[in-house]
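These notes are meant for a colleague who is opening this structure for the first time. Please keep the sequence and the 3D view at hand while reading the points below.

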Amino acid sequence: MTFLVAQTDHGAEVDSKKENSDGVFVVPGNNAFGNSFRDYSAETERQKIVRELYRQSHINQTYDFVKKMREEYGKVNKVEMSIWECCELLNEVVDDSDPDLDEPQIEHLLQTAEAIRKDYPNEDWLHLTGLIHDLGKVLLLPSFGGLPQWAVVGDTFPLGCAFDESIVLHEQLKGNPDNNNPTYNTKYGVYSEGCGLNNVVMSWGHDDYMYLVAKANKTTLPSAALFIIRYHSFYPLHKSGAYTHLMNEEDHENLKWLQIFSKYDLYSKSNVRIDVEKVKPYYMSLIEKYFPAKLKW
């Protein structure tokens, strides 16, 4: 699969249609606001919201906090509903951490899934992963605990070891209590070389929650799908190559799929509308294949 970045004659990236005449997915140069993707420095009202969210996240996401959240939400005793019902529920959610998107989340889910489906027609598990990867954002809703945005969205990073400088707005982590804890502030912290990311405590949010839900409800999705769900917001890893010293062999294999997926997750955000009723039967068939009719959340 080839990804292209559209550019002007001066080298500046510009917005572009999704495909060229050969059907190749074209990486657009700008987000829905006309700015570069994942630009956290622009002084816009949207950016002020994003930076404040990360300030709170970087102070409050600690090793002990995440342990408590995983214990609580691992019980999956909040709600019982289907995957599609959860997709529809996500219409009520806007992600304050995202500098590229302020549309209802279901639009992004379908944009991601349909872009993947076109380029990887035989990987139906990857299509479904595109649809469900952000469903954990329902944590923002009252019936799921009504968690604050900083505890649900935004880039994720390991806890229990030193904070890497590749973490977005890294300077804000100076206020995190774990930063001054000698147990947690070394390269390995409480971990060891090649221990496997499954043994690493990640900052709490929609990624880890959806992973817990999928596992608890005995999904038959492959391990690569669960890896994508759990680590798709782990940009220090799949964008910057940080924390690879904690990965095991299976992590390295699954990372290849995550890096494919991340391009669609990030760059499929646009104003292109998806005909929900037209594509719904296909995704319902995948949900039936890989999940029970009703899930505990």
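1. A nonpolar core, as the term is used here, is a set of buried Ala, Val, Leu, Ile, Met, Phe, Trp, Tyr and Cys residues joined through side-chain atoms within 4.5 Å. The model is a predicted one, and its largest nonpolar core has 87 residues, among which Ile-83, Leu-131, Ile-132, Leu-135, Trp-204, Phe-291 and Trp-297 have the most contacts inside the core. Helix 7, which covers residues 223-231, gives the most to this core, with seven residues. In soluble globular proteins, nonpolar side chains tend to be buried together.

2. Helix 7 deserves a second look, since eight of its nine residues are buried and the helix is mostly covered. The buried residues are Ala-224, Ala-225, Leu-226, Phe-227, Ile-228, Ile-229, Arg-230 and Tyr-231, and a reader may wish to note that Arg-230 is included in that list.

3. For the chain as a whole, 10 helices and six strands are assigned, and buried residues make up 54% of the 297 residues. Among contacts between residues at least 6 apart in sequence, 74% join residues at least 24 apart. The chain exposes about 13,000 Å², of which carbon and sulfur atoms supply 47%.

4. Which residues are in contact with Trp-204, once its neighbours within four places in sequence are left aside? From the earlier part of the chain, they include Gln-61, Phe-65, Val-66, Met-69, Arg-70 and Tyr-73; also in contact with Trp-204 are Leu-139, Leu-147, Ala-151, Val-152, Tyr-209 and Leu-212. Trp-204 also belongs to the residues with the most contacts inside the largest nonpolar core.

5. The structure holds two cavities of 30 Å³ or more, and the second largest cavity has a volume of about 30 Å³. Its lining is made up of Ser-57, Gln-61, Trp-150, Val-152, Val-153, Gly-154, Asp-155, Thr-156, Ser-203, Trp-204 and Gly-205, and these divide into four nonpolar, six polar and one charged. Gln-61 and Val-152, both in this lining, are also among the contacts of Trp-204.

6. Trp-150, another residue of that lining, lies in the loop between helix 5 and strand 4. At 14% relative accessibility, Trp-150 counts as buried because the limit for that class is under 20%. Its C-alpha atom is separated by 6.7 Å from that of Tyr-54, although the two residues are 96 residues apart along the chain. With neighbours within four places in sequence left aside, Trp-150 is in contact with Leu-53, Gln-56, Ser-57, Asn-60, Gln-61 and Phe-65.

7. Gln-149 is placed in the loop between helix 5 (124-132) and strand 4. Is this residue buried or exposed? At 19% relative accessibility Gln-149 counts as buried, given that buried means under 20%. Beyond its neighbours within four places in sequence, Gln-149 is in contact with Leu-53, Val-94, Asp-95, Asp-96, Ser-97 and Leu-140; Leu-53 is also listed as a contact of Trp-150.

8. Most residues other than glycine have a negative phi. Val-76, which is not a glycine, has a positive phi of about 40°; Val-76 is found in the loop between helix 2 (63-73) and strand 3 (80-81), and at 12% relative accessibility it counts as buried. Leu-169, also not a glycine, has a positive phi of about 50°; Leu-169 is found in the loop between strand 4 (158-159) and strand 5 (201-202), and at 10% relative accessibility it counts as buried.

9. The loop between strand 4 and strand 5 also holds Asp-178, which counts as buried at 8% relative accessibility. Asp-178 and Asn-60 are 118 residues apart in sequence, yet 9.7 Å apart in space, C-alpha to C-alpha. Leaving aside neighbours within four places in sequence, Asp-178 is in contact with Thr-62, Tyr-63, Leu-159, Phe-163, Tyr-184 and Asn-185.

10. Val-190, too, lies in the loop between strand 4 and strand 5, but at 37% relative accessibility Val-190 counts as partly exposed. Val-190 and Val-200 are 10 residues apart in sequence and 8.9 Å apart in space, C-alpha to C-alpha. Apart from neighbours within four places in sequence, Val-190 is in contact with Tyr-63, Gly-160, Thr-183 and Tyr-184, and of these Tyr-63 and Tyr-184 are also contacts of Asp-178.

Terms used
Residues are numbered from 1 along each chain as its sequence is written. This is a predicted model: local features need pLDDT of at least 70, side-chain atom pairs count only at pLDDT 80 or more; totals for chains, interfaces and linings use all residues. Side-chain values use heavy atoms; hydrogens and water are left out. Buried means under 20% relative accessible area, exposed over 50%, partly exposed in between (1.4 Å probe, protein chains only). Helices (H or I, at least four residues) and strands (E, at least two) are DSSP runs, numbered from the N terminus. Contact means heavy atoms within 4.5 Å. Accessible areas come from the Shrake-Rupley method with a 1.4 Å probe; for residues, only the protein chains shown count as cover. On a 1 Å grid over the protein atoms alone, a cavity is a set of points where a 1.4 Å probe fits but cannot get out, and a pocket is an open set with protein on both sides within 12 Å along at least five of seven lines; lining residues have an atom within 4 Å of a point. Grid points are joined across faces, edges and corners, and a volume is the space filled by probe spheres set on the points. Ala, Val, Leu, Ile, Met, Phe, Trp, Tyr, Cys and Pro count as nonpolar, Asp, Glu, Lys and Arg as charged, and the others, Gly among them, as polar.
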